[in-house]
Amino acid sequence: MHTNSVPTPALASTGRYDRAFAKAQELETAFLAAMLAHAGLGGAAGSFSGGSGEAQFASFLRHEQARLMASAGGIGLARTIFEAMVAKGTGDGD
């Protein structure tokens, strides 16, 4: 997944790399969910929409779709964030 990065002392253990990459993916997921919302995905419209119930749960659908997009490679934002974290040696997620 992210094995081609050069380890730094602060991220020497694989568990820390995994946690750092997971945090980077969480950030990419949040970004993608916001972009999907601005694009109008999940917006209720028309007489056959789910009404207020659909509107209340649309954010959950967008977040899950964004999470799946990010876990499938996304737009590369998680990789960029992770590499920046490795470069600074701050990937413990604390």
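Which pattern does the protein follow, read along the sequence? The pattern is α-α-α, and the secondary structure comes to three helices and zero strands. Here helices (H or I, at least four residues) and strands (E, at least two) are DSSP runs, numbered from the N terminus.

**Before you click**

This is a predicted model, in which local features need pLDDT of at least 70 and side-chain atom pairs count only at pLDDT 80 or more, while totals for chains, interfaces and linings use all residues. Residues are numbered from 1 along each chain as its sequence is written, and side-chain values use heavy atoms, with hydrogens and water left out.

**Stop 1: colour by confidence**

Colour the model by pLDDT, the predictor's confidence in each residue, from 0 to 100. The protein averages 80, and 71% of the residues score at least 70. Now select residues 1-7, where pLDDT stays under 50. Where pLDDT is low, the predicted coordinates should not be read in detail.

**Stop 2: helix α2**

Select residues 51-71 to see α2, a helix of 21 residues. From its first C-alpha to its last it reaches 30 Å, close to the 30 Å expected at 1.5 Å a residue (the expected span is 1.5 Å times one less than the number of residues). Centre the view on Phe57 to find a kink of about 40°; the bend at a residue is the angle between axes fitted to the seven residues ending there and the seven starting there.

Next, pick Ala58, Arg62, Ala66 and Ala70, which are buried (under 20% relative accessible area, with a 1.4 Å probe and protein chains only). Add residues 14-38, and you have α1, against which the buried residues of α2 pack. Just past α2, look for Gly73, whose phi is positive, near 120°.

**Stop 3: the largest nonpolar core**

Show the side chains of Tyr17, Ala20, Phe21, Ala24, Ala78, Ile81, Phe82, Met85 and Val86: these nine residues make up the largest nonpolar core. Such a core is a set of buried Ala, Val, Leu, Ile, Met, Phe, Trp, Tyr and Cys residues joined through side-chain atoms within 4.5 Å. The elements giving two or more residues to this core are α1 and α3 (77-88), and α3 gives the most, with five residues.

Zoom in on Ala78, which touches Phe21, Ala24, Gln25 and Glu28, leaving aside residues up to four places away in sequence; contact means heavy atoms within 4.5 Å.

**Stop 4: another core**

Apart from the largest core lies another, of five residues, among them Leu32, Ala33, Leu36 and Ala66. Ala66 is familiar from the buried residues of α2.

How values were computed
Buried < 20%, exposed > 50% of the residue type's maximum accessible area, 1.4 Å probe, protein only.
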